[in-house]
Amino acid sequence: MTSEIDPQNDELKVTLARAFDAAWQPFVAHEGEAADTAENRRRLAARIVAVARSGQTDEDALGEAGLIYLRVLAEATRLSARIRDVASPDLAPQADDPRNQTFGPATVAAMSTALDLCLDELPLRISSDAVQLLSSSILDEASRGERDPEKLQLHALATLRSRQ
């Protein structure tokens, strides 16, 4: 159930702002100043609003959900970089492999959207192992050439279901 947020509700605006601050400060402290970007701020705000629209109004829960979300995205970015940097034939495509593609901005956006879609479908609190499996599955499919966020999402969720 998605509901609109009343722009006149000052108490809710304060709750959302505090939840943002509660997530942002530890995120930047953990990830470093390089993570202090407008894009990360936009992602956090959008996630907190999405969770609030689902009915959650607890400031701590909103902040925690936002922090988990940003950390998952940061880890997915690091994982993507590691996969590109690894020379192992088991983990990275060979130079003569037609699937050997770098992840440009459009692909990264598609992978981020796919992860967002997955997290929107799952319970608010899922294990970090499940999130890592989703991220890995999305990265695997993207490395095979899939760029459709919905197809990436469906594959990741199917992978998660098959492991349970």
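**Figure 1. Six helices and zero strands make up the protein chain.** This is a predicted model, and its elements run α-α-α-α-α-α from the N terminus on. Of the 164 residues in the protein chain, 35% are buried. Take the contacts between residues at least 6 apart in sequence: 63% of them join residues at least 24 apart. The accessible surface adds up to about 9800 Å², and carbon and sulfur atoms account for 51% of that.

**Figure 2. How far to trust the coordinates: pLDDT along the protein chain.** The mean pLDDT is 80, with 81% of the residues at 70 or more. Among the elements, α1 comes out with the highest mean, 93, while α3 has the lowest, 79. Then there's the stretch to handle with care: over residues 87–100, pLDDT stays under 50. The model has 11 contacts beyond four places in sequence for residues 87–100. Where pLDDT is low, the predicted coordinates shouldn't be read in detail.

**Figure 3. A close-up of the largest nonpolar core, with its 21 residues.** The members that touch the most other members are M111, L115, C118, L134, I138 and L152. Four helices each put in at least two residues: α3 (59–85), α4 (105–121), α5 (128–143) and α6 (149–163). The largest share comes from α5, which supplies seven residues of this core. Nonpolar side chains tend to be buried together in soluble globular proteins.

**Figure 4. Zooming in on C118 and the residues in contact with it.** Set aside the neighbours within four places in sequence, and C118 is in contact with L134, I138, Q153, A156 and L157. Two of these, L134 and I138, also turn up with C118 among the core members that touch the most others.

**Figure 5. An aromatic cluster in the first helix: F20, W24 and F27.** What makes this trio worth a view of its own? The count for the model is two aromatic pairs. In the F20 and W24 pair, the ring centres are 5.8 Å apart and the planes sit at 15 degrees, so this one is stacked. F20 and W24 are four residues apart in helix α1, so about one helical turn separates them. F20 is buried, because its relative accessibility of 16% falls under the 20% cut-off. W24 is buried as well, at 7%. For W24 and F27, the centres are again 5.8 Å apart, but the planes are at 45 degrees, so the pair counts as tilted. W24 and F27 are three residues apart in α1, which also comes to about one helical turn. Both W24 and F27 are buried.

**Figure 6. D21, a partly exposed residue in helix α1.** Helix α1 covers residues 10–31, and D21 lies within it. With a relative accessible area of 41%, D21 counts as partly exposed because that value is between the 20% and 50% cut-offs. Across the sequence, D21 and L44 are 23 residues apart, while their C-alpha atoms are 9.9 Å apart in space.

**Figure 7. D58, in the loop between α2 and α3.** The α2 helix spans 38–53, and D58 is found in the loop that lies between α2 and α3. D58 counts as partly exposed, at 38% relative accessibility. The C-alpha atoms of D58 and T15 are separated by 7.8 Å, although the two residues are 43 apart along the chain.

Note on methods
Residues numbered from 1 in each chain as written. Heavy atoms only, no water. Core = buried A, V, L, I, M, F, W, Y, C linked by side-chain atoms within 4.5 Å. Buried < 20%, exposed > 50% of the residue type's maximum accessible area, 1.4 Å probe, protein only. Contact = heavy atoms within 4.5 Å. Areas by Shrake-Rupley, 256 points an atom, 1.4 Å probe, with all protein chains shown as cover. pLDDT = per-residue confidence, 0-100. Phe/Tyr/Trp six-rings, centres within 6.5 Å; stacked < 30°, edge-to-face > 60°.
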